[in-house]
Amino acid sequence: MRNEVYRDDWGIPHLRAADALELAHAQGRNAALDRAWQIEVERHRAQGTTAAFLGAEAVEWDRFARRSRLDDTARRCFERLSPETAAWVSSYVDGVNAALGEDAAQATEFAAAGLAPGVWRPWTPLGVWLSTHILFAGFPTKLWREEVARRLGDDATELFATDGPGTSGSNGWLVTSERTATGSPIIAGDPHRFIEDPGVYQQIRLACPEFDVVGLAVPGVPGIAHFGHTGHVAWAITNAMADYQDLYREQLRRTPAGGVEALGPDGWEPAASHTETIDVAGAGTVPVEIVETGRGPVIIGGPGDGGEAVSLRHPPRVTGDLGFDVLPALLRARTTADLDAVLDRWVEPVNVVLAADTAGATLHRVAGHVPVRPRANRLRTVPAWDPAYAWQGRHAPMERADVHGTAVMANQRGIAAPFGIEFAPPHRADRIQELLDESARWTAEDMAAIHMDTYLASARPLLGLLEEAAGVTAPEAVRLRDRLLRWDRRMDAGSTDATLYAALRAEVVHRLAAHPAFGPLGRTVHRDPYPELFRPWLATVPRVAYALEGLLTGKGGPLSHADRLAVVTAALEQVALEQITGGQPVVPWGEVHRLAPWQALPVDPGETWPGLAGDHDCVLSTSSVPGITDHSARGPAARYVWDLARRENSLWVVPLGTSGVPADAHHRDQLPLWVRGELVPVVTDWNLLHREEERPDMSAGTSAESAVFEREVDGFGTVRLVPVDPARDIDLLHSWVTEDRARFWGMGGYSREQVLETYEFLDSLTTHHAYLAHRDGVPAALFQTYEPEADPVGACYDVRPGDHGVHLLIGPTGGTEPEPGYTGALLSVLVDYVFSDPAHLRVVVEPDARNTKAIARMVRAGFELGPEIEKPEKRARLAFLSRAAAHRD
């Protein structure tokens, strides 16, 4: 066999092969099987071809991808790889191509988008990496500084400096041997990125005779780059917040022959140019002119825009090196010294790295390519024709720091300070350090409490101004002020004080953005030729929101203390009027601070994502955009704990699940754990894993022989009822019954073990039964039956002979709205099954009385409503369907 595939109970792939090349092939094949839709979207993003199936909204990204030459840069970088690395990447690509067709039938998004899987080129993984990280360093912030300087003056350039829109951050910490219970180091943390569905990180294990590594891979990219544990050494990174991408103001002109010239340091020089066409679904084509000067690709403007243009210069395009030769070397590392040497060749993105090995050695350094050039390049756009702004090589060696007891990286100023302009406020780093200082004997299990800490230190300036708001006289405003001053500053999901603080903060942000001192900026900068893609970096309200702490403390800003106090006082009175006297109760923070992941296809507007604790400057950094939305689109894209004493004591979790296939049991099974801050164990014993050919999967038991009932529904498909096997189906059951949308099922807080115990008990009864309803082989619903006289509901109404109770839970549909008649078709089969037994005369249901959708559905199906009843766990509404009514035309 070419390779072996195993899975743990969470569907996490463990791949084993005879050598590194076969293992790369296995990883590529697994990426295609588990994440076909996701990696194909990423391939198209790198090529600038997403509008062909996503429509007009994707044109802006495609235009940028084409103009910035992402795919061409990936090709150049692939051609410069060592032969060994090129063969390794090519083997991964071969694995992807070998399996893409297999998964397209499972990933329903392909059919919805009218897209067929394409062919991966050898350099496609490099393009995926580039497109994922091209905005990491936040070069559009330089456009914002240009506008601030132009409208408010040069002195205001850094007024809004902070970790702002579109910038990714992370937490990471290292506890050395002398501070742990085992006497070996522990590394923990969480990368903060836009939460995507499917997730940007995939838990995986890669094993061959040369190495055996567990970690977080980026689907579409071979190896394990950012977070890994080889059994001998472990590492983790955060964004260094370094500035390594420059924007140059270009002067362009057409030549008589139709070419393009750019004004460079030595005068007018030829610029490469050609035109490409972007296909747009349902809207024809859009031409885009591609121009590249001696500085780099032109991403804004062009010779047809009055000669004004901006070019982007970044290391991979200049050097033809993306650092991919590092990736296979990381897998072979056995000590921190090995890692240190390997990371000297790292390119992009620029990271802060923490690492430790089983001997207790540690590493804390910056890794990446930062060009040497004037500070002005790092602040704003600079003139392309002035030689003073040219690059003068690469910073080397990179900064390092010693580790004594603990080390923390959270995008704060620190060892990366020489390489950046804007860093995250120090609150997350300070809070993590404060928590680490509370114990001298840390364990891997202890780290979850740090991951989930919700203390919001950045609230201090706003609350400080509240203390000074002595002019407030309205009773409601006084009560609100006093309540917030008593608040514990924790953004807990159940806290109404957190909701009130967020409302006050949003009001302050809006009032500051509208203040005459910032009037020239306007609510949003709208100035051609800035593309729509960069508008998040050019919007005033988010900029004010993320810089709020500095604006309220008056560090170099145009507002006087009296101005700031007046803004806060007016905001307090407004929020008190709306929240306190508005007549509606204040809802907990988790009701408004909900997860809002990015999906390539439109999100189902009826889908309810779970509520979250945390906020931007909490260690639990579930970021909202104050003044714009309380929803969280950015947060921990994974959590991990690497234990160097015993790798099997390591822990991890991702926001959704391992599979990108909507019907798969592991599509979102980790989401409830992630919300609660729980972690799952890293399994390293092959004997505890399920061999791919042997493991029970979502389609087990769908044959006609194992089904208790089967019916073909015209226009819908074949529906089979298969008895639940608790051990076989536990992953699917747990993922379904604990989702927020299944809250009326009453098992939302259940652990995997509790769900297993419940269904094992149910399976032992002769009066209660559970079935999975499969539609064309894919689990679609959970169906349970019971005899009312043997169930607590029997004490709540007069049970008739022939009554038969049922419960129905419709499974997830991958974030898309089910087609019309979906639930009705399933329900009709279930009713037919009940009445296939002549002894059953009436179907009884008891949905939660608050579940108005379910009750309305039953009425449409012909059920007659009965009374509301009180059960120990809920107030329910009875409904009945007689055999005669079910068969009535």
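Let us start with one residue pair: Val843 stands opposite Leu881 in β32. The model you are looking at is a predicted one, and this pair makes a good doorway into it. Val843 belongs to the stretch covered by strand β30 (residues 842-845), which pairs with strand β32 (residues 875-882) in the antiparallel sense over four bridges.

Now step back to the sheet around these strands. β30 and β32 are part of an open sheet of eight strands with mixed pairing, in the order β25-β26-β27-β28-β29-β30-β32-β31. At its edges you will find β25 and β31 (864-870), each of which pairs on one side only. Direction ignored, neighbouring strands of this sheet are turned by 25° against each other on average.

Follow the sheet to its β25 edge. Here strand β25 (residues 709-713) and strand β26 (residues 717-723) are antiparallel partners joined by five bridges. Within that pairing, Glu712 has Thr718 of β26 as its bridge partner. The two strands form a hairpin with three residues between them, and Gly715 takes a positive phi near 75° there. Elsewhere on the sheet, helix α25 (residues 752-764) lies across β27 (768-775) and β28 (778-786), and runs at about 110° to β27.

A second sheet is worth a visit. This open sheet has nine strands and mixed pairing, and its order reads β16-β15-β8-β7-β6-β5-β2-β1-β24. The edge strands are β16 (362-367) and β24 (690-691), each pairing on one side only. At the β16 edge, strand β15 (residues 351-357) runs antiparallel to β16, and six bridges join the two. If you want a residue to anchor the view, Val352 has Val366 in β16 as its bridge partner.

Helices pack on this sheet too. Helix α1 (residues 20-47) touches β1 (3-7), β2 (13-17), β5 (202-208) and β6 (211-217), and its direction makes about 155° with that of β5. Helix α11 (residues 336-343) lies across β8 (233-239), β15 and β16, running at about 5° to β16.

Helix α1 also brings us to the aromatic rings. The structure holds 21 aromatic pairs, counting rings whose centres lie within 6.5 Å. In one of them, the rings of Trp37 and Phe53 have centres 5.9 Å apart and planes at 75°, so this pair is edge-to-face. Trp37 sits in helix α1 and Phe53 in helix α2 (residues 51-54), 16 residues apart, and the pair links distant parts of the chain.

Let us finish with two places where helices meet. Helix α4 (residues 70-79) packs against helix α7 (residues 124-133) at an angle of about 130°, with the axes 8 Å apart. The two helices are therefore oblique to each other, and their crossing is right-handed. On the α4 side the contact involves Leu70, Thr73, Ala74, Cys77 and Phe78, which meet Leu126, Gly127, Leu130 and Ser131 in α7. These residues divide into six nonpolar, three polar and no charged.

The other meeting place joins helix α15 (residues 460-468) and helix α16 (residues 475-486), whose axes come within 10 Å and cross at roughly 135°. That angle makes α15 oblique to α16, and the crossing is left-handed. Leu463, Leu466 and Glu467 of α15 make the contact with Arg481, Leu484 and Leu485 of α16. Here the residues divide into four nonpolar, no polar and two charged.

Key: Residues are numbered from 1 along each chain as its sequence is written. This is a predicted model: local features need pLDDT of at least 70, side-chain atom pairs count only at pLDDT 80 or more; totals for chains, interfaces and linings use all residues. Side-chain values use heavy atoms; hydrogens and water are left out. Axes are lines fitted to C-alpha atoms, for helices over the stretch in contact, and angles run from 0 to 180 degrees between N-to-C directions. Angles under 35 degrees count as roughly parallel, over 145 as roughly antiparallel, 65 to 115 as roughly perpendicular and the rest as oblique. A crossing is left-handed if the near helix is turned anticlockwise from the far one by less than a right angle, and right-handed if clockwise. Contact means heavy atoms within 4.5 Å. Ala, Val, Leu, Ile, Met, Phe, Trp, Tyr, Cys and Pro count as nonpolar, Asp, Glu, Lys and Arg as charged, and the others, Gly among them, as polar. Two strands pair if DSSP finds at least two bridges between them. Rings of Phe, Tyr and Trp (its six-membered ring) pair if their centres lie within 6.5 Å; planes under 30 degrees apart count as stacked, over 60 as edge-to-face and the rest as tilted.
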